[in-house]
Each structure stands twice: as structure tokens, then as C-alpha cells.
Amino acid sequence: MSWQTYVDDQICSLVQCRVAVIAGFDDGGIWAKRESDPNFQITPGEVKFIVDTMKSNPAAFNESGIHIGGEKYICLFADSTLLRGRKGSSALCIVATEKCLIAATSVEGIQAGQLNLVVEKLGDYLRMSGY
């Protein structure tokens, strides 16, 4: 299965996303993404910063927020493998596995729990598969 198939079938077909991305854990390189909002652009630099901060000091997100796609999300939860955030009624969920980072933001009005369940379940699957 291609990385794009994971984004399309395992995330975006299950929850309405503004953006969903799978990126490399080491360099932040984007492996696959889907954007419903062309103004929301996730960069490898943002991904790399998130990865590095999750590894070294995830609590820093509690003070600074989570910056992704050029937007700031309020951090609701942060540890070395999981970030949850909120901006208005849009939710953010980021999961780190051994080799990749999965990030998705919901469209306005989607319950955060629905997004979290989908992204975290994919993260668990990829971890069990060695990714």
C-alpha cells in the first residue's frame, strides 16, 4: 500500500480533514498528504521542528502552542509520541511512530475525539508494522 493510500483511505475517508500528512521522522520530508484547504501548507521544516521538540521537550508545546501549516493551535496534550491541539472548533492530532509522523487537522465542527481515534489508530498500526 502506498503512503498516499494511507492518507486517503485510513484518515480522510473516515474523518473530514482540512489536511492530513505522513512525513519522515528523521528529516520531515513529506511522504504523502491531502489538503482540502490550499492555504494550509505543511512544510518539512515545521515537521522537523515538531519531531525535534517531541523528542526533547514536548511540554514546550504547552507554552508556545503547536505551529503547523503556518497556524497556531493551542496544545491540549503533549508527550513524546502524541500531540493534540485545538484552534477554534478545528482539532489537531499528531502521532509519532518509529519512522514517521502522522498529522491531521479537522474541518471546523468535527469532534476532536473522532479525529484522534482515526489518527491514533493508524499510528498504532504503523508502529506494529515496524514504522
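**Aromatic contacts, helix 4 and a nonpolar patch**

A search of the whole structure, which is a predicted model, turns up 4 aromatic pairs. One of these is formed by W3 and Y6, whose rings sit 5.4 Å apart centre to centre with 35 degrees between the planes, a tilted arrangement. The two residues are 3 apart in helix 1, and therefore about one helical turn separates them. Their surroundings can be read from relative accessibility: W3, at 22%, counts as partly exposed, while Y6, at 11%, counts as buried because the limit for that class is under 20%.

W3 also takes part in a pair with W31. Here the ring centres are 4.7 Å apart and the planes meet at 45 degrees, so this pair is tilted. Since W3 belongs to helix 1 and W31 to strand 2 (residues 30-35), the pair ties together parts that are 28 residues apart in sequence. W31 has a relative accessibility of 33% and so counts as partly exposed. Taken together, W3, Y6 and W31 join Y125 and Y131 in one aromatic cluster.

Helix 4 comes next. This helix covers residues 112-128, and its 17 residues should span 24 Å at 1.5 Å a residue; the end C-alpha atoms are indeed 24 Å apart, so the model agrees with the expected value. The expected span uses one less than the number of residues, which is why 17 residues lead to that figure.

A good part of the interest in helix 4 lies in what is hidden. The buried residues in this helix are L115, N116, V118, V119, E120, L122, G123 and L126. Their cover includes helix 1 (3-12) along with several strands, namely strand 1 (17-24), strand 5 (82-87), strand 6 (90-96) and strand 7 (100-106). Helix 1 thus appears twice in this account, as part of the cover over helix 4 and as the element that holds W3 and Y6. After helix 4 comes G130, a residue with a positive phi near 90 degrees.

The surface offers a contrasting picture. I74, L76 and F77 make a nonpolar patch of about 300 Å². Of these residues, L76 is placed in strand 4, which runs over residues 71-78. With a relative accessibility of 53%, L76 counts as exposed, because that class begins over 50%.

How values were computed:
Residues numbered from 1 in each chain as written. Predicted model: local features only at pLDDT ≥ 70, side-chain atom pairs only at ≥ 80, totals over all residues. Heavy atoms only, no water. Patch = residues over 30% accessible without salt bridge, like charges linked within 9 Å, V, L, I, M, F, W, Y side chains within 5 Å. Areas by Shrake-Rupley, 256 points an atom, 1.4 Å probe, with all protein chains shown as cover. Salt bridge = Lys/Arg side-chain N within 4 Å of Asp/Glu carboxyl O. Helix = DSSP H or I, 4+ residues; strand = E, 2+ residues; numbered from the N terminus. Buried < 20%, exposed > 50% of the residue type's maximum accessible area, 1.4 Å probe, protein only. Contact = heavy atoms within 4.5 Å. Phe/Tyr/Trp six-rings, centres within 6.5 Å; stacked < 30°, edge-to-face > 60°.
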